[in-house]
Amino acid sequence: MWDKRSLLEQMKTIGPGNAEYDTRDPKSFFRNFLVVDDYRNALDPDTMLILGGRGVGKSALFHFLNLPGGPAGLLQTLRHPVPIAWERACWIRGYGRVEQDRSFPAPEVLQSEVDEADALWWRAFWIGLLIKCVLRDSTSELKEFVRHRIADGWRVGLESSLPKVTEWFPHIRGNMEFANDILDELDAYLAETDQWLFITYDELDRLVPNYHGLFAPIRELLAFWLDRWRRWRRIRPKIFLRSDLFSMDKLRFPDASKFSGHQVRLNWTPNWLYQLFIKRLANLEPPMHDYVVRIEGLIKGEDNRLGYLPTQDEGLYKAFIDGMIGPFMGANARKGITFRWIPNHLMDAGGQIAPRPFIKLFAFAAERELKSFDAKALLEERLLRPINIQGALMQASQDRIAELLEEYPWVSALPSAFRDVEVPAPEERLIVALKQAQWSETEPPPSSDPRGVIESLIQLGILERRLDGRLNAPEIYLHGFGMKRRGGVKRPHS
């Protein structure tokens, strides 16, 4: 009945699964995006900080909020959003690039200032950049309000489409009081006219090329908004930040605890991940759409912007996965219940699962199935065999390591150091391995002490310390590092 080769060809296309890829086509981006309940808290005006690890969807939500119609689509789907005048809210980027975007200073430009810049320098930078972004991206009403309050000598640099800091920074640094007055007056005007201005920040880990140079500008950005929180009523930030960059021992931000009531962490449940996967399949063309809706009730409706919307019924997700792969990862339940096996093997050491590797697992499995396609081996309505899910897990692990390297280049020394280490292992075994690691001089590890490196890996969810003191690595990192586990997943042949 089903053209299974065509279905697999479609499934492998969902693989990219990241905001940078999807936003090239806003229509597809909206249809691939899943609105989850936690986003209600992220939209709350009292929430300043949205935290999460690599691949949890911070950039996707950032882009969603900054695309035309994005906030409205989100609010329409969420249950019980905070009751404010959302139709009179303006969303702009305070920092964070979109495709082929030159709106913000290049990292190399800011890096040249890092060694000399003090807290006041960064405070002036963030204030000036905020004014510049209001002039560039806000509503015509707000642009004119700010423009008429800026001295003629400032205006050219602040209104320039080029990201040259030298054109506007000296004016801000030399006139901090006047710059603050402009923003104070803007906030008062917003309150008087019942409007809101939300400033969104993303990609703060790319402010400067050097990892250790990130903390000073991020620390001052947080300090600035914490101070303005008590001063302004209608200008509010949404700062999307990697969890490790908010680490108190690295950031050294004494007021970090004051964010406790103003932050949310993006954590995905297995049900949300299955919902995302099914949504992406349902919004493909036939035959995949038809294959999805064969499970009655799996799709609950259609939205003009967000496309087909899956149900929240876990039982129907399981029915879909059981039909597509089979209920077990082997002959019986002792080999693993498929519906539980998949998320359990993609969890990091903190029990968190990122959407990106979850989606890529199925795309990789589809590719493997196509390489040795045999329709007779796919019984009934099956599309994927457990052996190819296991093989895809190895690929997802390697892919996850490659993603880590983009933000933590020092991790590149770990695969050769950890190869063939059997976990769980005594801490001393990993200390010996780390002492043999060939670290790059340009990208040193977070600590010169192997124990410090281990603590960083635990914080990132790459390693976990068991109650008996031994260290373990979850499956999502185990295979990418070439580590082993006695009785672990059997490695399929490539």
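# A tour of the predicted model

Select Arg 136 and Phe 104. Arg 136 lies over the face of the Phe 104 ring, 4.8 Å from the ring centre. Bear in mind that this is a predicted model.

**Stop 1: the aromatic cluster**

Stay on Phe 104 and add its partners. Phe 104 belongs to one aromatic cluster with Tyr 95, Trp 121, Trp 122, Phe 125, Trp 126, Trp 168, Phe 169, Tyr 201, Phe 224, Trp 225 and Trp 232. Show these as sticks. Across the structure there are 38 aromatic pairs.

**Stop 2: one aromatic pair**

Next, select Phe 62 and Phe 240. A pair of aromatic rings is described by the distance of the centres and the angle of the planes. How far apart are the ring centres of Phe 62 and Phe 240, and at what angle are the planes? The centres are 6.0 Å apart and the planes stand at 80 degrees. Planes over 60 degrees apart count as edge-to-face, so Phe 62 and Phe 240 make an edge-to-face pair.

Now colour by secondary structure. Phe 62 is in helix H5 (residues 58-66), and Phe 240 is in strand E4 (residues 235-242). The two are 178 residues apart, so the pair links distant parts of the chain. Are these rings buried or exposed? Phe 62 is buried, at 0% relative accessibility. Phe 240 is buried too, with a relative accessible area of 2%.

**Stop 3: H5 against H6**

Keep H5 and add helix H6 (residues 70-77). Two packed helices are described by the angle between their axes and the distance between the axes. H5 and H6 pack at about 110 degrees, with axes 5 Å apart. They are therefore roughly perpendicular to each other. Select the contact residues: Leu 61, Phe 64 and Leu 65 of H5 meet Gly 70, Pro 71 and Leu 74 of H6.

Which residues of H6 are buried? They are Gly 70, Pro 71, Gly 73, Leu 74 and Leu 75. Their cover includes helix H3 (26-32), helix H4 (39-43), H5 and strand E2 (89-95).

**Stop 4: H8 and its packing partners**

Go to helix H8 (residues 119-137) and helix H9 (residues 140-147). H8 and H9 pack at an angle of about 135 degrees, and their axes are 7 Å apart. That makes H8 oblique to H9. The crossing is left-handed. On the H8 side, the contact is made by Ile 131, Val 134, Leu 135, Arg 136 and Asp 137. On the H9 side, select Lys 143, Val 146 and Arg 147. Arg 136 is the residue from the start of the tour, over the face of Phe 104.

Now swap H9 for helix H10 (152-159). The axes of H8 and H10 come within 9 Å and cross at roughly 75 degrees. H8 and H10 are therefore roughly perpendicular to each other. Here Gly 128, Ile 131, Lys 132 and Leu 135 of H8 meet Gly 157, Leu 158 and Glu 159 of H10.

**Stop 5: Ile 150 and its surroundings**

Select Ile 150, in the loop between H9 and H10. Ile 150 is buried, with a relative accessible area of 4%. Which residues touch Ile 150, leaving aside neighbours within four places in sequence? Ile 131, Leu 135, Arg 155, Leu 158 and Ile 182 are in contact with Ile 150.

For a sense of span, draw a line from Ile 150 to Gly 391. Their C-alpha atoms are 60 Å apart in space, and the residues are 241 apart in sequence.

Then pick Arg 149 and Phe 145. The charged end of Arg 149 sits over the Phe 145 ring, 3.6 Å from its centre.

**Stop 6: backbone exceptions**

Switch to the backbone. Most residues other than glycine have a negative phi, and most peptide bonds are trans.

Select Asp 194, in the loop between helix H12 (176-192) and strand E3 (196-201). Asp 194 has a positive phi of about 55 degrees. At 35% relative accessibility, Asp 194 counts as partly exposed.

Move to Glu 203, in the loop between E3 and helix H13 (215-229). Its phi is positive, near 60 degrees. Glu 203 is buried, with a relative accessible area of 11%.

Finish with two cis peptide bonds. The bond from Pro 286 to Pro 287 is cis, with omega near 10 degrees. Pro 287 lies in the loop between helix H15 (270-282) and helix H16 (288-293). The bond from Val 423 to Pro 424 is cis as well, with omega near 0 degrees. Look for Pro 424 in the loop between strand E8 (422-423) and helix H22 (427-435).

Methods
Residues numbered from 1 in each chain as written. Predicted model: local features only at pLDDT ≥ 70, side-chain atom pairs only at ≥ 80, totals over all residues. Heavy atoms only, no water. Phe/Tyr/Trp six-rings, centres within 6.5 Å; stacked < 30°, edge-to-face > 60°. Helix = DSSP H or I, 4+ residues; strand = E, 2+ residues; numbered from the N terminus. Buried < 20%, exposed > 50% of the residue type's maximum accessible area, 1.4 Å probe, protein only. Lys NZ or Arg CZ within 6 Å of the ring centre and 35° of its normal. Axes fitted to C-alpha atoms, helices over the stretch in contact; angles between N-to-C directions. Parallel < 35°, antiparallel > 145°, perpendicular 65-115°, else oblique. Left-handed = near helix turned anticlockwise from the far one by under 90°. Contact = heavy atoms within 4.5 Å.
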